[in-house]
Amino acid sequence: MFQSLFNVLDKCKSFSELKKIHALVITLGIRHDDLLSSKLLSVAALSDAGNIDYAYRLFSRLPAPGAFDWNTIIRGYSGSKNPNKSFSVFIKMLRAGVFPDYLTYPFLAKACARLLKPELGGAVHGHALKNGFELDKFINNSLIHMYGSCGDIVYARRVFDEMPMKNIVSWNAMLDGYAKCGDMALARQVFELMSQRDVVSWSCLIDGYVKSGDYKEALAVFEEMRVLGPKANEVTMVSVLCACAHLGALDRARLMHCYVMDNGLPITLVLRTSLVDMYAKCGAIDEALDVFRGVLNGKADVFLWNAMIGGLAIHGLVNESLELFTKMQLVGIVPDEITYLCLLSACAHGGLVKEAWYFFDSLGKHGMTPKSEHYACMVDVLARAGQVAEAYRFLHEMPMEPTASLLGALLNGCLIHGKSDLAEIVGRKLIELDPDHDGRYIGLSNVYAAVKRWKEARTMRESMERRGVKKSAGFSSVEIAGALYSFIAHDETHPNSEQIYRMLEFIVSQVKLDIHKDIQEYLSL
């Protein structure tokens, strides 16, 4: 009977099933069996079928819970929506006279990492040292990860350097810490020093380059991984697909999709969402729709629908985006804050002011609080539609200070609709908020230039130079045969520059010829 109950618990797939099994255990009078109680507690606290608060109620009824049971609850809360409860349980554990072991501290470190509280992590670290765990590899690896996640990379490195024996998990934690902190030079240094690397090592490095915006290097590392490293997994491919999306590299994107299929990687919802997002951002909206439609009925989640709604929006397919939102609700997917952000973006592209107000108001009606991104989208909707005064008024009525993106959206609207007085006010505020951003000075300079106030336009450029702000060179990219080429104005660095400019001159001459023909035909009417 006991073995049967263990087997049933292993196969438990829902919370309602779990409660039925628990009721059966009580009915049979065996709820105080230690092994069965611990198994039931583990499923309730850690499995997808469980519920951590329900697990805690089970735990509270145990006559004498051991360290394993306490660790199970601490672990459950560390991965829950409220990691703080891990520490209240830990304090109760100490008061109950139960000694923490080598498993307790890693779960507490995980909670600190999720809460981004390095000072709390320091207290956990100190407690572990006090109890004689300074040489425990498992605890130290968790501390490196915790400090790195909290941005305290100096302490992470100190723990790493003081470890007498390191394993691949230690190296991966240090590599990931540098990558999370954006120090890709040291992340690469750690990667190169590793005597062995697994898929986690390569994935951390690739993801680090993606997070730091160096998408070309991320793809270069992935190509190196294909030759020298292990087979990529889902985590690797999500980062790689993100890099392709940001570069707009469609040929490379298709190759990455083929890699996923050829290597038999399961198309999970996360991976499918990344594919949809990638194809949409690379301009292949039909391929994005094909991937989206390939999901089995009832197997999609809100993230996948958001990716498709947002993809349609950025392609200007506003009606299709709103229709998809209607279908999403019909199949029972509950929209979240990102859904409404995508819808507001669609309204901005389509000039749908009335619909935008409806979606913005829907956030509050459905228990969600608009974030700065929602306000920025709403300002963008109003500004693009020419309602710049309303946008300015809306901006001042917000419950938060305006961000640079909010003001930038308003400034663009002012420039489009020739509202130079308001554009000057907004432009000056942008410089106050972001004095080291070259685009803020250029934006205000362009405002002055648009109304022929050349002296003020020149003054802005001079102010930028005095502050030491350098103008970033604008560039365009083109993908040819899977390779990406970037060009700035008057660029002659490409080995085939002479042929490129010759072809450009030919194209321009053909355009002029067509324009001339059109004029002649118009005059002859």
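These legends accompany a set of views of one predicted model.

**Figure 1. The whole protein is built from 29 helices and two strands.** The chain has 525 residues, and 44% of them count as buried. Along its principal axes, the C-alpha trace spans about 100 × 55 × 50 Å. The accessible surface comes to about 28,300 Å². Carbon and sulfur atoms hold 56% of that surface. Among contacts with a separation of 6 or more, 57% link residues 24 or more positions apart. The protein carries 56 positive and 59 negative charges. The mean positions of these two sets are 5 Å apart.

**Figure 2. Repeats listed in the record are marked along the chain.** UniProt, in an unreviewed entry, lists "repeat: PPR" for residues 66-100, 167-197, 198-232, 301-335 and 336-370. Two of these spans are shown here in outline. Residues 66-100 are 66% helix and 0% strand. The end C-alpha atoms of residues 66-100 are 10 Å apart. Residues 336-370 are 77% helix and 0% strand. For residues 336-370, the end C-alpha atoms lie 11 Å apart.

**Figure 3. His22 sits in helix α2 and pairs with Tyr54.** Helix α2 covers residues 15-27. The side chains of His22 and Tyr54 are joined by a polar contact of 2.7 Å. Beyond its neighbours within four places in sequence, His22 is in contact with Leu40, Tyr54 and Leu58. Is His22 buried or exposed? His22 counts as buried because its relative accessible area is 14%, under the 20% cut-off.

**Figure 4. Thr72 is a buried residue of helix α5.** This helix runs over residues 67-78. The relative accessibility of Thr72 is 5%, so the residue counts as buried. Which residues does Thr72 touch, not counting those up to four places away in sequence? They are Leu41, Ser42, Ala45 and Leu46. The side chain of Thr72 also reaches back along the chain, to the backbone oxygen of Phe68 at 2.8 Å. For scale, Leu304 is 232 residues from Thr72 in sequence. Their C-alpha atoms are 32 Å apart in space.

**Figure 5. Ser78 belongs to helix α5 and is buried.** Its relative accessible area is 0%. Not counting residues up to four places away in sequence, Ser78 touches Pro83, Ser86, Phe107, Lys110, Ala111 and Arg114. Three of the names to look for in this view are Phe107, Lys110 and Ala111.

**Figure 6. Leu116 has a positive phi in the loop between α7 and α8.** Helix α7 covers residues 104-115, and helix α8 covers 118-130. The phi of Leu116 is about 55°, although Leu116 is not a glycine. Most residues other than glycine have a negative phi. Leu116 counts as exposed because its relative accessibility is 55%, over the 50% cut-off.

**Figure 7. Ser212 lies in the loop between α13 and α14.** The flanking helices cover residues 199-211 and 215-228. How exposed is Ser212? At 39% relative accessibility, Ser212 counts as partly exposed. The side chain of Ser212 reaches the backbone oxygen of Tyr209 at 3.0 Å. Cys181 is 31 residues away along the chain. The C-alpha atoms of Ser212 and Cys181 are separated by 9.2 Å.

**Figure 8. Asn263 is a partly exposed residue in the loop between α16 and α17.** Helix α16 spans residues 250-262, and helix α17 spans 269-281. The relative accessibility of Asn263 is 25%. Asn263 and Ala232 are 31 residues apart along the chain. What separates their C-alpha atoms in space? The distance is 8.7 Å.

**Figure 9. Gly351 lies in the loop between α21 and α22.** Helix α21 covers residues 337-350, and helix α22 covers 353-365. Gly351 is partly exposed, with a relative accessible area of 48%. Leu324 is 27 residues from Gly351 along the chain. The C-alpha atoms of Gly351 and Leu324 are separated by 18 Å.

Notes. Residues numbered from 1 in each chain as written. Predicted model: local features only at pLDDT ≥ 70, side-chain atom pairs only at ≥ 80, totals over all residues. Heavy atoms only, no water. UniProt positions renumbered as here; feature names shortened; annotations may be inferred. Helix = DSSP H or I, 4+ residues; strand = E, 2+ residues; numbered from the N terminus. Buried < 20%, exposed > 50% of the residue type's maximum accessible area, 1.4 Å probe, protein only. Contact = heavy atoms within 4.5 Å. Polar contact = N/O pair within 3.5 Å; in protein donor to acceptor, adjacent residues only side chain to side chain. Areas by Shrake-Rupley, 256 points an atom, 1.4 Å probe, with all protein chains shown as cover. Lys, Arg positive; Asp, Glu negative; His and termini not counted. Charge placed at Lys NZ, Arg CZ, Asp CG, Glu CD.
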